[in-house]
Amino acid sequence: MADDSRALEQFLYKMWLKPLPRPRGDQTKAGTVIPGVQDAPTQKAKVSRSTVATAAATAAVVTPPVPVATLQRTFQFVAYGEDFKSDGKVKSICCDGLVRGSDLQLTHWTNNETPDEYYADTSTEIVLNFLESNAATAPEWATAVVVNNHFDTDGILSVWAMLNPQVARSPWRLLVC
């Protein structure tokens, strides 16, 4: 069976990542100027409703639901350079960055202790690899505190994926592109 989810991904990518207008004077008639790109042609996505429906149906079939009904993970921001102070009752998962005192590191940062079976180029992909594993639904991680020490795209996406695994599994290719 052909992978029809690619058309849906391209459609969603174009819809979600439209260039935003800038209040400064760096606009042209065609839209926002992107540094390093000149005279970039703008094209609208040509995707029919049947293609989107087929792609959505295929994605729903290919992506099985994660049994995470009992997940009760919470998030805690830890200031950069500070340690996570655990109460000892629940485990902690560091998503992106390095937070000393966390029980599991899921990060691409230098000197990390991310398990090899989850490792990837971005922390978001590392988290998604963890979520695909059986360990993600283990009782010890189901109530874990998710920690991060900074706000950037990779950090926010990896924390969001850890807190919302059922939703994050569906567009995982878009999250790591």
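This report describes the fold, the surface and the nonpolar cores of one protein chain, as they appear in a predicted model.

**Overall layout**

The chain holds seven helices and six strands, and, when these are read along the sequence, they follow the pattern α-β-β-α-β-β-β-α-α-β-α-α-α. Of the contacts in the chain with a separation of 6 or more, 61% are accounted for by residues 24 or more positions apart. Of the 177 residues in the chain, 33% are buried, while the accessible surface comes to about 11600 Å², with 55% of that area belonging to carbon and sulfur atoms.

**The nonpolar cores**

The largest nonpolar core has 19 residues, and the residues with the most contacts inside it are Ile93, Cys95, Leu106, Val127, Phe130, Leu131 and Met162. Two strands and two helices, listed below with their residue ranges, each supply at least two residues of this core.

| Element | Residues |
|---|---|
| Strand E4 | 92-95 |
| Strand E5 | 104-106 |
| Helix H3 | 123-132 |
| Helix H5 | 153-163 |

Helix H3 gives the most to this core, with five residues. Phe130, which is among the residues with the most contacts inside the core, touches Arg73, Ile93, Leu104, Leu106, Tyr118, Ala135, Ala136, Trp141 and Met162, when residues up to four places away in sequence are not counted. Separate from this core is a second one of six residues, which includes Val78, Phe84, Val99 and Val147.

Technical notes
Residues numbered from 1 in each chain as written. Predicted model: local features only at pLDDT ≥ 70, side-chain atom pairs only at ≥ 80, totals over all residues. Heavy atoms only, no water. Helix = DSSP H or I, 4+ residues; strand = E, 2+ residues; numbered from the N terminus. Buried < 20%, exposed > 50% of the residue type's maximum accessible area, 1.4 Å probe, protein only. Contact = heavy atoms within 4.5 Å. Areas by Shrake-Rupley, 256 points an atom, 1.4 Å probe, with all protein chains shown as cover. Core = buried A, V, L, I, M, F, W, Y, C linked by side-chain atoms within 4.5 Å.
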